[in-house]
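Student: I would like to go through the terms used for this model and see what each one rests on.

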Amino acid sequence: MTYDVVEPIFFALLTIGIVSAGAGVVLANRITTSALLMAFSFLNVAGMFVLLGAETVAAFQVLIYVGAITVLILYGVMFTPQQPRAYGLFFQKQTPLAAIVVVPIAIFVALFAFSFRDAPEAGAKGHDLEPLATSVFRDFGFPFEVASVLLLAAMIGAIVLVKRDEE
Amino acid sequence: MPEGPFGLDPVIWAPLRLIIAVLLAVGLVFNGALAQIYLERKIQAIIQDRIGPLHTGPWGLLQTFADAIKLLGKEDIRARLTDKWFFLAAPSIVFSPMIASFVVVPFAPGIVGANLNIGLLYLTTLGSMTVLGIVIAGWASNNKYSLIGGLRSAGQLISYEVPQILSLVTVVLLVGTLSMVGIAESQPDWRINFLILPLAFVTYFIAGLAETNRNPFDLPEAESELVAGFLTEYSGMRWAIFFLAEYGEVTVVSAIATTLWFGAWHGPLTDRLPLLGVIWFTLKTYFFVLVFMWIRATLPRLRIDQLMSLCWKVLIPLTLTNLMVTSVLLLAYPSSRIPVAIANWILLGLFGLAVPFFQRRRLASLRERLRAAAA
Amino acid sequence: MSVSLGAFVAVSAVLFFIGTAGVLVRRNAIVILMCVELMLNAANLALVAFSRRSASVDERGSVFVVFIFVIAAAEVAVGLAIVLAAYRNRPTVDVDEIQRMKG
């Protein structure tokens with residue numbers, strides 16, 4: 001009963017967090033601010049997952065995105081220092097055109113998205129750990145193995161790409 | 001919605017309960033840190049054949065308060081070229097996940113903050129958020145040594161997460177649930193998981209030492225190496241927060257080890273008086289904290305490349321083998337745990353014998369090379 | 001359930017288009033990578049919302065999300081490796097300046 005009152009409040013807070021952090025990533029002055037706002041956006045998306053009841057996916061989101069990908073991007077930022085330049089030079093030549101194209105499509109899609117409704121039989125579904133684990137390891141076992149091979153290939157590729165040529 | 005005590009309205013009780021839980025966790029961490037700071041200095045002193053703090057209070061018991069008063073009184077210096085908001089935020093980013101970990105730790109049969117069904121996954125997730133805080137601390141200090149210390153520490157933490165998680169997964173395979181309360185309840189009486197999976201405990205302990213930046217893996221904060229690594233520019237209360245975060249993390253790692261391998265609250269007389277479980281849990285956790293301190297006083301520090309090769313070349317193959325053997329044996333003999341136990345103890349014995357064997361071979365070959373070079 | 005499925009999908013759409021705008025507009029290669037991650041997050045949010053609010057019992061949308069996590073992590077690693085290798089050649093990560101194949 002009280003949950004029905006509290007849930008929209010959390011949803012509104014998380015939405016504000018996600019949208020403002022996303023806008024901050026695109027518009028921020030310094031690249032480290034962009035990286036940390038991106039991490040904040042990831043945390044808010046994890047909050048959205050918890051609100052939907054998918055707590056295992058939320059834990060994985062924080063573990064992988066905030067814990068690993070953000071650190072990777074911060075490493076990348078630190079190893080590529082650049083000359084400071086004027087703020088206007090951050091944006092490409094086609095910025096006005098991109099804005100004109102993207103904004104109307106975004107508004108249209110967002111308004112269209114509101115027409116989706118819950119399936120009529122969707123009740124409280126409970127924890128998502130067991131169905132998720134069963135699906136991944138039983139129904140989708142082969143894609144799981146392919147994903148692990150992909151990770152191995154990516155790891156080897158990344159190591160080879162950044163190896164210096166020993167003179 | 002649970003009704004509060006004395007018939008409190010659930011709407012008031014739920015946030016009040018959260019606030020009480022947070023205050024309890026903070027109190028626990030601070031008091032634990034008070035005890036641990038004193039214990040660390042006394043134990044290091046005793047092992048190093050000296051006396052340690054003696055004059056502040058009886059047996060030096062008030063030393064921690066003296067330290068705290070000194071830290072609070074220090075000037076809050078912040079170098080001008082540091083990034084202001086990141087510099088100020090970094091200690092909080094390192095401290096918060098550690099506090100949030102105490103919510104799933106089972107102290108006694110009824111006393112747990114929240115019985116999450118993904119309790120262990122939640123703890124692992126929080127452990128990986130600490131890395132972000134350390135990278136930010138190293139970068140925001142605008143100091144070459146801090147940056148190198150921060151990046152090295154981040155690399156160390158990320159690398160050692162893998163054996164840590166693999167050890168935890170081995171126990172979860174055996175127990176069948178990720179919930180901390182469930183794991184604690186699956187070890188009645190003397191049938192603790194340590195008897196079945198000792199190698200997982202050993203690898204978890206070593207990885208936990210590295211995760212908390214403790215000796216012998218404390219290169220990132222070593223005073224003799226990179227000044228103080230990523231902590232160089234932090235002084236006074238800000239340094240104290242990092243310090244508290246480290247001790248709190250040591251407590252969390254010990255608490256996880258206690259829950260998973262030593263039957264969290266189980267001990268004599270717990271079924272009669274459930275609250276007694278808190279005492280057993282605290283005793284077991286502090287035993288492991290003392291082992292952390294014992295190791296710190298005894299072992300020398302590892303270099304960064306030795307540290308990394310220990311993780312990737314020794315611990316990860318070991319934990320992977322352990323996981324493979326455990327899962328195969330659990331599938332082959334679903335009803336009995338004895339084959340898994342036997343295999344694990346054999347692997348532990350092999351690991352224990354392999355270490356001196358390989359070290360002796362390396363020493364011999366090193367001596368050979370030195371002799372050949374001198375000749 | 002008081003927050004309808006449409007609200008979650010709308011948030012996901014807005015985040016996706018913010019990410020798209022970022023990819024089209026920014027010059028720094030690393031910021032472009034960050035905006036691609038935002039787009040992947042938006043897709044994850046939409047998938048999990050549909051999966052949890054559907055009538056079926058198994059969590060197929062969430063399974064897809066787990067695989068997207070894996071692929072996003074691999075892509076960031078390789079993408080950053082490429083950016084670092086390009087930076088080593090000529091010290092810039094500006095996508096307008098890395099336009100000649102010969103170093």
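The questions below take up contacts, exposure and domains.

Tutor: This is a predicted model, in which local features need pLDDT of at least 70, side-chain atom pairs count only at pLDDT 80 or more, and totals for chains, interfaces and linings use all residues. Residues are numbered from 1 along each chain as its sequence is written, and chains are lettered from A in the order in which they are written.

Student: Why is B:Ile51 called exposed?

Tutor: B:Ile51 has 11 other C-beta atoms within 10 Å. A residue is exposed if that count is 12 or fewer, buried if it is 20 or more, and partly exposed in between, with C-beta atoms placed from the backbone. B:Ile51 is therefore exposed.

Student: Where in chain B is B:Ile51?

Tutor: B:Ile51 lies in the loop between helix H1 (10–47) and helix H2 (63–73) of chain B. Helices are DSSP runs of H or I with at least four residues, numbered from the N terminus.

Student: What makes residues of domain 1 and domain 2 of chain B count as in contact?

Tutor: Two residues are in contact if their C-beta atoms, placed from the backbone, lie within 7 Å. In chain B, 16 residues of domain 1 are in contact with 17 residues of domain 2. H1(B) gives the largest share of the domain 1 side, 13 residues.

Student: How do you know where the domains of chain B begin and end?

Tutor: The bounds come from an automatic or database domain assignment, which divides chain B into domain 1 (1–73) and domain 2 (81–367). Their centres, taken over C-alpha atoms, are 21 Å apart.

Terms used
Helices (H or I, at least four residues) and strands (E, at least two) are DSSP runs, numbered from the N terminus.
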